[in-house]
Structures are given as structure tokens and as C-alpha cells.
Amino acid sequence: MFLKKWMSYLSDGAKLNKIAMPGSHNAGSYGMTAMACCQDGTLYDQAAMGVRHFCIRLNTDRKGRIALSHGVAKGRPFAEALADMRKAMDDCPAEFFIFDIREYYPTSYGPVKLTSRADPKEVSRMIAEALAPEKYALHEFGHISDVTMGGIRRAGKRYMIINYGAAYEYSVDCEQILPWEAKLHGLETEKFIKEITKQFDNHQTQGIYWFQTQQTAGFGTELGLKTPRKMDAMQRPFYPRLIESIAANPFYLGNANVISGDFMTADDRKAKLIVGLNLNKGIVRDDCKEEFSRNILRGD
């Protein structure tokens with residue numbers, strides 16, 4: 001399956017912070033309640049569908065286990081997610097993954113402030129047991145803008161764990177941005193598709209650029225209160241227009257990196273539209289451009 005190996009088509013000179021890669025927003029929210037669920041597939045399912053950047057949030061559940069979380073909702077044990085990550089590494093040997101792992105942000109409900117807690121030492125222990133970070137984690141480099149696919153391949157690295165403060169062993173606190181604005185992300189769908197690319201004008205970085213294409217409903221927004229699944233269904237018909245607007249603007253195209261969304265396993269179209277931008281970027285190997293292009297156009 002093409003989406004299990006799409007990175008193998010990239011040139012050695014492709015820089016990690018310039019590769020257009022599908023990202024999974026709240027990647028661990030599968031199986032949660034309707035208002036918290038942003039993905040249906042497991043982390044392995046998402047990797048098999050082309051996702052290479054995973055937003056993974058943690059908390060501790062009532063049984064004292066470190067668990068996947070989204071706001072106040074808690075999901076499957078983190079140990080299961082780690083097993084999926086390892087399965088993806090084993091099943092997609094040419095690919096490189098970015099795992100953005102941290103506790104969920106503090107959440108306020110009126111005067112009540114809720115915080116998440118996932119002991120960093122235990123998280124580190126679990127990662128060490130499942131993912132052999134001493135061998136496979138990319139954690140020693142200069143600036144992230146210098147990291148290339150060729151360097152990753154020569155070093156035999158398979159993934160990077162991003163965490164503010166580098167709280168876990170073998171994690172890194174590299175330069176990155178993830179612009180999000182309540183008013184902008186709460187726009188109705190057609191307006192959102194038109195306006196969201198302005199994030200490239202308003203925010204720049206030499207690090208990882210996490211471009212969030214999922215809308216965010218809420219009281220006081222144009223969308224009102226809707227589930228992530230409903231918003232994704234509304235947005236999908238317009239998604240090609242969004243990717244086309246990126247491809248048509250040299251500045252947007254040059255800065256396009258992680259492009260994240262909800263329900264990345266619903267079908268292969270979002271992932272293929274995003275991955276296809278690498279042809280426009282000119283970082284697909286010359287000897288396999290035709291095959292890469294055929295796979296992007298073909299439905300699996």
C-alpha cells in the first residue's frame with residue numbers, strides 16, 4: 001500500500017521541516033465520547049493511512065494508568081498506543097514518525113481549572129520498553145532545519161518525540177509552531193477554507209510548522225456546538241480546494257509541513273492530497289516521480 005511507504009520516494013536532500021506530511025489532530029482520541037473523538041483509527045491505522053505526525057495527549061485514568069486523553073475525556077491506555085507505534089515502525093520500515101507527546105493542556109470550566117498528570121519518569125520508562133529510543137529516536141542534532149531524510153536514513157533513526165521542555169528521555173524541544181485562533185478555527189466551512197491559509201502569512205518558523213486544518217466548534221463561534229465528526233463531514237468536500245490554494249502559492253507551498261486534520265482514516269483522500277504536495281515541492285526522487293504521481297491519483 002502506497003501510503004505505508006510514501007516517504008521512501010523522497011530524496012535524501014528533503015528537509016524534515018519542508019516535507020508535506022499528514023498529521024493527526026488528537027491522534028489518541030479514538031473510542032472517546034462524540035464531542036472528544038477526532039479519530040476512528042488506532043495509531044497504527046493512522047500510520048498505515050499515511051500519517052507521520054501524531055498529536056498524542058496524556059493523563060492518568062482512575063486505575064492509575066497513563067492513558068490517552070482529550071480534554072477531560074480519557075481513552076485507551078498509553079501502553080496500547082505505544083504497541084501501535086512499534087507496529088507501525090516494524091510494518092513501515094522506510095518511514096519516519098514525529099510523535100508530539102505531552103500532558104493535555106490545563107482546561108478551565110468557569111472557576112474550575114483541571115490539569116492532566118502523566119508522570120514523566122513512567123512515560124520515559126514505557127517509551128524505552130516499547131520503542132528502543134536509544135537506537136531509533138532522533139534526539140541529537142543541531143537545528144531542526146538541518147535534518148534531512150538522507151541523514152535520518154544513514155543514522156537508522158525512525159522517529160522523533162517532541163515535548164516542550166524535553167520532559168522525557170530522548171525527547172526534544174525543537175523549534176515549532178502550531179497556530180490556532182478560536183475565531184478563525186470556528187468559522188463556517190467555506191469561509192474557513194478560504195481564510196485558514198493566511199496562517200502562513202501571519203506565522204513563520206524555521207522549525208516544524210504544524211498547520212491545523214481541523215475546525216473547532218464552540219459557543220460563540222460561527223459553527224456553534226458540533227461534534228468533530230460532523231465538522232469533518234462538512235469540510236471534506238472542500239478539502240481539495242484548500243490543498244490547491246497551498247500548491248498555487250509558492251510561499252505557502254514552501255512553508256507547508258505538517259498538515260493535520262481529524263478522521264484521517266475515513267478514506268485516503270486527505271492523506272494523498274497532502275502527500276501530493278511533495279511533487280509540487282520538487283522533493284520526490286526523479287527516478288520515481290511517475291510512480292509517485294500514479295499512486296496519488298489512484299484510489300486504494
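Two residues are said to be in contact here when they have heavy atoms within 4.5 Å of each other. With that meaning in hand, this report walks through a predicted model, beginning with the interior and moving on to a strand, the empty spaces and one exposed loop residue.

**The nonpolar cores**

Ile101 is a useful place to begin, since, leaving aside its neighbours within four places in sequence, it is in contact with Ile56, Arg57, Leu58, Phe78, Met85, Ile127, Ile161, Ile162, Asn163 and Tyr168. Ile101 also belongs to the largest nonpolar core, which has 58 residues, and it is listed with Ile56, Leu58, Phe78, Met85 and Tyr159 as having the most contacts inside that core. Helix H2, which covers residues 78-91, supplies the largest share of this core, namely 6 residues. A second core, separate from this one, has 33 residues, including Met49, Val147, Ile152 and Cys288.

**Strand S1 and its partners**

Strand S1 is made of residues 21-24, and its side chains are divided between two directions: Met21 and Gly23 point one way, while Pro22 and Ser24 point the other way, and all are buried. This fits a general pattern, for in a regular strand the side chains alternate between the two faces of the sheet. S1 runs parallel to strand S12 (residues 258-261), to which it is joined by 4 bridges, and in this pairing Pro22 stands opposite Ile259. S1 also pairs with S2 in the parallel sense, over 2 bridges, and there Ser24 stands opposite Phe54.

**Empty space in the model**

Rolling a probe the size of a water molecule over the atoms shows where empty space is left. The table sets out the largest pocket and the largest cavity.

| Space | Volume | Lining by class |
|---|---|---|
| Largest pocket | about 930 Å³ | 18 nonpolar, 12 polar and 3 charged residues |
| Largest cavity | about 40 Å³ | 2 nonpolar, 3 polar and 3 charged residues |

The largest pocket is lined by 33 residues, and those that lie nearest its centre are Asn26, His70, Tyr104, Trp180 and Thr216. Strand S2 (53-60), strand S6 (107-109), strand S11 (208-212) and helix H9 (228-235) each supply at least two residues of this lining, and S6 gives the most, with 3 residues.

The count of cavities of 30 Å³ or more comes to 1. The lining of the largest cavity is formed by Gln214, Gln215, Pro228, Met231, Asp232, Gln235, Asp262 and Lys270, and the largest share of that lining, 4 residues, comes from H9.

**Lys270, a residue of the cavity lining**

Is Lys270, which is found in helix H12 (residues 269-281), buried or exposed? Lys270 counts as buried because its relative accessibility is 3%, and the limit for a buried residue is under 20%. Leaving aside its neighbours within four places in sequence, Lys270 is in contact with Asp232, Gln235, Arg236, Tyr239, Gly261, Asp262 and Met264. Among these contacts, Asp232, Gln235 and Asp262 also help to line the largest cavity.

**Gly142, an exposed loop residue**

Gly142 has its place in the loop between helix H4 (133-136) and helix H5 (149-155). Gly142 counts as exposed because its relative accessible area is 69%, and the limit for an exposed residue is over 50%. Gly142 and Cys174 are 32 residues apart in sequence, and in space they are 9.6 Å apart, C-alpha to C-alpha.

Notes. Residues are numbered from 1 along each chain as its sequence is written. This is a predicted model: local features need pLDDT of at least 70, side-chain atom pairs count only at pLDDT 80 or more; totals for chains, interfaces and linings use all residues. Side-chain values use heavy atoms; hydrogens and water are left out. On a 1 Å grid over the protein atoms alone, a cavity is a set of points where a 1.4 Å probe fits but cannot get out, and a pocket is an open set with protein on both sides within 12 Å along at least five of seven lines; lining residues have an atom within 4 Å of a point. Grid points are joined across faces, edges and corners, and a volume is the space filled by probe spheres set on the points. Ala, Val, Leu, Ile, Met, Phe, Trp, Tyr, Cys and Pro count as nonpolar, Asp, Glu, Lys and Arg as charged, and the others, Gly among them, as polar. Buried means under 20% relative accessible area, exposed over 50%, partly exposed in between (1.4 Å probe, protein chains only). Two strands pair if DSSP finds at least two bridges between them. A nonpolar core is a set of buried Ala, Val, Leu, Ile, Met, Phe, Trp, Tyr and Cys residues joined through side-chain atoms within 4.5 Å.
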